Amino acid sequence: MPQYVFDIETFPNYFLLVARNIENDKVLVFREDDLDLLRTFLKTGPTMIGFNNDWFDNLILDEILKGSVNSAVDIKNLSKAIIEDKTYSRDWRFKKPYKSIDLMMLHGGDSADEMGQRLKAHEVRLRMDNV
């Protein structure tokens, strides 16, 4: 199955998922109007690679797949419940049709809060040119 590095951005009036195939550099872009296409794509079983995606992005993807969020506003409210309110409860029984690799977990962290480091901190630590 193809592997994609991806990230999600959420705003009250805008949703964006960008995924790059690591084998051929093909870039896929999904916006609010593309949620049905995103569901179809995820059901093909790709491997999704991200940073802290186990504790954020995958939760968003799972709710999109379930059909419980259908707009940028719904997704932003879910994002707020996950990050700020911490009221979101993960459904561990949900069977994902996609595979997932969380790069943060490879660094020994369970969540960004527990590690005390966010993606920008890792970029600085790795002396990346563009942070």
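**Exercise 1. Decide whether A72 is buried or exposed in this predicted model, and find what lies around A72.**

Solution.
Step 1. Take the relative accessibility of A72, which is 2%. The cut-off for a buried residue is under 20%. A72 therefore counts as buried.
Step 2. Place A72 in the chain: the residue belongs to helix α3.
Step 3. List the contacts of A72, leaving out neighbours within four places in sequence. They are F11, P12, N13, Y14, F15 and E32.
Step 4. Compare sequence and space for one of these partners. E32 is 40 residues from A72 along the chain, yet the C-alpha atoms of the two are 5.8 Å apart.

**Exercise 2. State how many helices and strands the chain has, and in what pattern they follow one another.**

Solution.
Step 1. Count the elements: there are six helices and five strands.
Step 2. Read along the sequence. The pattern is β-β-β-α-β-α-α-β-α-α-α.
Step 3. Add the totals for the chain. It has 131 residues, and 40% of them count as buried. Of the contacts between residues at least 6 apart in sequence, 57% join residues at least 24 apart.

**Exercise 3. Work out the order of the strands in the sheet, and say which strands are at the edges.**

Solution.
Step 1. Write down the order, which is β3-β2-β1-β4-β5. The five strands form an open sheet with mixed pairing.
Step 2. Find the strands that pair on one side only. These are β3 and β5 (99–102), the edge strands.
Step 3. Give the twist: from one strand to the next, the average is 25°.

**Exercise 4. Describe how β4 pairs with β1 and with β5, and which way the residues of β4 point.**

Solution.
Step 1. Begin with β1. This strand runs parallel to β4, and three bridges join the two. One bridge partner pair is V5 and I49, the latter in β4.
Step 2. Turn to β5. Strand β4, residues 47–50, pairs with β5 in the parallel sense over four bridges. Here I49 is opposite I101, and G50 is opposite D102.
Step 3. Sort the residues of β4 by direction. T47 and I49 point one way, while M48 and G50 point the other way. All of these residues are buried.

**Exercise 5. Determine how far α2 is covered, and by which elements.**

Solution.
Step 1. Count the buried residues of α2: nine of 10, so the helix is mostly covered under the cut-off of 20% relative accessible area.
Step 2. Name the buried residues. They are D57, N58, L59, I60, L61, D62, E63, I64 and L65.
Step 3. Find the packing partners of these residues, namely β1, β2, α1, α3 and β5.
Step 4. Set the helix against the sheet. α2 lies across β1, β2 and β5, and runs at about 85° to β1. α3 also packs on the sheet, where the helix touches β1 and β2 and makes about 95° with the direction of β1.
Step 5. Look past the end of α2. G67 follows the helix and has a positive phi, near 85°.

**Exercise 6. Classify the crossing of α1 and α2, and name the residues that make the contact.**

Solution.
Step 1. Take the geometry. The two axes come within 9 Å and cross at roughly 105°.
Step 2. Apply the range for roughly perpendicular, 65 to 115 degrees. The angle falls in this range, so α1 is roughly perpendicular to α2.
Step 3. Name the residues. α1 supplies L35, L38, R39 and L42, and α2 supplies L61, I64 and L65.
Step 4. Sort this contact by class: there are six nonpolar residues, no polar ones and one charged.

**Exercise 7. Trace which elements build the largest nonpolar core, and where I60 fits in.**

Solution.
Step 1. State the size: the core has 25 residues. The residues with the most contacts inside this core are F15, L17, L38 and I60.
Step 2. List the elements that each supply at least two core residues. They are β1 (3–11), β2 (14–21), β3 (27–31), α1 (35–42), α2 (57–66) and α3 (72–83).
Step 3. Pick out the largest share, which is five residues from α2.
Step 4. Follow I60. Residues up to four places away in sequence aside, I60 touches I8, F15, I75, L78, S79 and I82.
Step 5. Set this beside the general tendency: in soluble globular proteins, nonpolar side chains tend to be buried together.

How values were computed. Residues numbered from 1 in each chain as written. Predicted model: local features only at pLDDT ≥ 70, side-chain atom pairs only at ≥ 80, totals over all residues. Heavy atoms only, no water. Core = buried A, V, L, I, M, F, W, Y, C linked by side-chain atoms within 4.5 Å. Buried < 20%, exposed > 50% of the residue type's maximum accessible area, 1.4 Å probe, protein only. Contact = heavy atoms within 4.5 Å. Pairing = 2+ DSSP bridges. Axes fitted to C-alpha atoms, helices over the stretch in contact; angles between N-to-C directions. Parallel < 35°, antiparallel > 145°, perpendicular 65-115°, else oblique. Nonpolar A, V, L, I, M, F, W, Y, C, P; charged D, E, K, R; others polar.
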